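Q: Please take a close look at the nonpolar interior of this protein. What is it built from, and how does it sit within the chain as a whole?

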Amino acid sequence: MIKLYSDGVYLVNGTDIVTGNTEYNQNEARQGTISYDILKNHNTSNDMNKLRLKFDALASHDITFVGIIQTAKASGLTKFPVPYVLTNCHNSLCAVGGTINEDDHMFGLSAAKKYGGIYVPPHIAVIHQYMREMMAGCGKMILGSDSHTRYGALGTMAIGEGGGELVKQILSDTYDISYPDVIAIYLDNAPKSNVGPQDIALAIIEKVFKNGFVKNKVMEFVGPGIANLHTDFRNGIDVMTTETTCLTSIWQTDEDTKTYLTAHNRVEDYKKLEPKEVAYYDGMVYVDLAEIKPMIALPFHPSNVYEIEYLNNNLEEVLAEIETKGKELLGDNVDFNLRNKIRNGQLQVDQAIIAGCAGGTYSSIKDAAKLLKGHTCGQDEFNLSVYPSSQPVMMQLVKEGIIADIMASGAIVKTAFCGPCFGAGDTPFNGAFSIRHTTRNFPSREGSKPVNGQISSVALMDARSIAATAINGGLLTPAPEIATSDYATYTFDSASYENRIYDGFNNAYTDLKLKYGPNIKDWPQMSELTDNILLEVVSVINDPVTTTDELIPSGEASSYRSNPLGLAEFTLSRRDPNYVGLAKNNVRYEIERRAGKISEDLSKVYDKIRTIDKDISTLDTEVGSVIYAKKPGDGSAREQAASCQRVLGGLANISMEYATKRYRSNLINWGMIPFILPDAYSFKVGDFIFVPDVRNGIDIGTVKAYVISDAVEEITLTIDEMTEQEKRILKAGSLINLNRSKMNNK
């Protein structure tokens with residue numbers, strides 16, 4: 001059972017839930033949360049309502065760190081001020097685009113040497129497992145350029161953001177936010193032995209995603225049920241909190257946390273974290289762990305959750321509903337069919353994967369192996385791949401004979417790699433149905449291309465139920481009761497890290513040169529914002545939610561993330577293939593304006609604008625493009641979802657709301673205005689929107705604009721609260737521009 005308390009609650013003595021009017025002082029009790037102390041200790045302002053945070057460490061992987069370092073370098077970077085971990089777990093295969101992926105890796109190694117960073121080579125560890133093993137500690141804060149940056153179960157408040165926010169930290173600037181709401185996630189009782197961390201995570205996601213219950217808030221895990229979960233298990237729940245759209249997470253810590261950190265030779269990073277005697281929370285999610293059953297998140301979102309038992313008993317009805325929703329999302333170009341997977345009343349699965357920061361943990365793989373031992377995955381279409389999340393995890397599984405048991409079943413064991421999470425590995429055949437203990441199941445996240453008529457689909461499940469399905473011939477099966485693994489037998493062997501990882505923190509060789517490759521390009525020049533702007537609508541997306549995967553796909557496109565213009569060619573390629581051509585066509589208007597000319601077709605638009613303002617100066621009005629989407633930005637932290645629009649002439653987004661803070665931050669850092677239009681509007685591709693006095697509008701948060709179509713219609717665009725720095729970034733045209741101006745003024 002999961003119950004939501006939408007009004008504020010008090011937690012007394014760490015266990016008693018108190019609601020309604022009480023004798024407690026709410027303002028004092030707000031300071032009783034774990035979150036308050038951590039945020040206070042990292043806040044550099046004198047105002048806890050307006051936080052300016054500095055982090056203890058940073059983390060990026062090989063499809064984000066090149067752009068971040070290039071941006072910081074252009075802004076005056078000399079050395080990394082805090083430990084900055086550069087992992088190579090996304091483009092590890094180096095399989096697409098020729099030599100360019102390995103060039104990125106060598107760039108990363110040279111940057112670690114030059115600026116004093118920590119370089120983790122390919123196949124050694126996925127980003128979040130390395131940070132758990134080597135960097136996270138109680139009371140710390142870590143910022144990462146990956147949306148699943150979550151180490152709350154180790155007492156670390158970790159946030160996934162776009163690269164621009166890491167650039168600010170690298171330049172000793174701050175992460176500026178208003179003090180967030182804090183929601184208690186109260187865990188009670190103990191889970192059944194066939195229930196894993198993914199089951200619990202999916203159950204929570206299903207209850208809080210669609211209603212935005214924890215959106216941009218802190219999820220603080222408390223309650224007596226935590227003691228019934230070992231830390232490796234907690235990590236598996238914690239990493240999935242990203243799919244709730246929360247800002248970050250934090251857990252109370254205990255002796256088991258200490259045991260985990262001690263096993264990783266970092267006992268000094270332990271301290272007990274718990275709410276004070278009275279703590280006030282802005283809401284609560286009560287979770288009875290004993291009531292949760294094996295779960296499955298059906299395509300195409302982690303919140304699309306059912307109990308496996310319920311699904312198996314209602315296959316036709318549920319799958320027909322998923323097909324209807326899928327066809328609305330995918331259109332008529334794709335033959336999306338799940339009911340053709342029903343075999344004699346059971347659901348036939350084609351592929352299974354246990355991998356990454358969510359599924360590749362020691363305890364999840366060990367529990368799956370217990371079920372696989374002595375069984376076969378079969379010789380037909382169904383196949384299973386297992387990716388331990390780090391070399392130390394792999395080494396321990398080898399020492400215990402667990403890898404041998406997995407391999408003997410016919411499953412394939414592979415090295416640490418994030419590819420199955422974003423479509424760069426194990427792409428299924430067309431029409432296949434894949435079950436995965438990974439993080440996401442968005443359309444095309446597994447590597448298919450719906451725009452080309454290709455589709456396979458992913459459901460998220462726990463490793464234990466995946467193993468049960470594997471030994472049942474690929475027929476969907478919930479995990480049986482098993483003797484679950486604790487973490488007591490785990491021995492962390494750091495030899496693979498010590499003998500392969502480059503640790504240059506506090507040892508920068510500033511005279512060294514960075515190693516470039518032909519695909520590593522500087523950011524193109526971006527213009528300062530003019531007083532007025534003219535926006536052409538080049539894409540209209542009316543889906544309820546638009547993911548960053550749809551804005552800029554992963555998979556093969558990831559190889560070009562070090563090449564801004566090369567990557568931009570993939571923008572919206574899986575959602576709106578006409579976008580790139582229309583955006584490029586719009587760019588010519590701005591090129592002509594800068595040359596002092598106005599094209600004939602644009603002059604007709606200005607004729608209509610002059611009915612609003614007869615004195616408008618066409619040559620002082622920047623022309624750019626805009627995307628309209630109802631709720632863009634769910635999913636990955638990738639800043640390229642915004643930067644690719646910018647390098648193609650984008651100046652703004654218009655939406656009813658933004659799915660995540662990180663996407664909105666990415667827009668701002670790349671000089672794109674995050675306009676809000678609260679009610680749905682029927683824009684058409686080719687419409688123009690004239691926004692006068694936009695710089696003043698940024699200051700006051702609202703502006704009158706005019707839609708120029710067959711007629712002229714006035715609308716009001718708003719901008720949610722911004723920091724003073726964010727306003728300066730937008731006016732400068734990008735974070736790079738603002739930093740360059742600071743350098744020039746020194």
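A: A nonpolar core here is a set of buried Ala, Val, Leu, Ile, Met, Phe, Trp, Tyr and Cys residues joined through side-chain atoms within 4.5 Å, where buried means under 20% relative accessible area. The model is a predicted one. On that basis, the largest nonpolar core holds 159 residues. Tyr84, Tyr130, Leu384, Ile673, Phe675, Phe683 and Val691 have the most contacts inside this core. Helix 13, residues 362–372, gives the largest share of the core, with six residues. A second core of 37 residues is separate and includes Leu187, Ala203, Ile204 and Ala297.

Leu384 can serve as an example of the packing. Leaving out residues up to four places away in sequence, Leu384 touches Ala352, Ile353, Ile354, Leu372 and Cys377, and also Ala411, Ile412, Ile466 and Ala470.

The whole chain gives the setting. Its secondary structure consists of 27 helices and 34 strands. Of its 746 residues, 65% count as buried. Among contacts with a separation of 6 or more, 76% are between residues 24 or more positions apart. The radius of gyration is 25 Å, which agrees with the value near 27 Å for a compact globule of 746 residues. Along the principal axes, the C-alpha atoms fill a box of roughly 80 × 60 × 60 Å.

On the outside, the protein chain exposes about 25800 Å², and carbon and sulfur atoms supply 47% of that area. The chain has 73 positive and 92 negative charges, whose mean positions are 5 Å apart.

Methods:
Residues numbered from 1 in each chain as written. Predicted model: local features only at pLDDT ≥ 70, side-chain atom pairs only at ≥ 80, totals over all residues. Heavy atoms only, no water. Buried < 20%, exposed > 50% of the residue type's maximum accessible area, 1.4 Å probe, protein only. Helix = DSSP H or I, 4+ residues; strand = E, 2+ residues; numbered from the N terminus. Contact = heavy atoms within 4.5 Å. Rg over C-alpha atoms; globule rule 2.2 N^0.38 Å. Areas by Shrake-Rupley, 256 points an atom, 1.4 Å probe, with all protein chains shown as cover. Lys, Arg positive; Asp, Glu negative; His and termini not counted. Charge placed at Lys NZ, Arg CZ, Asp CG, Glu CD.
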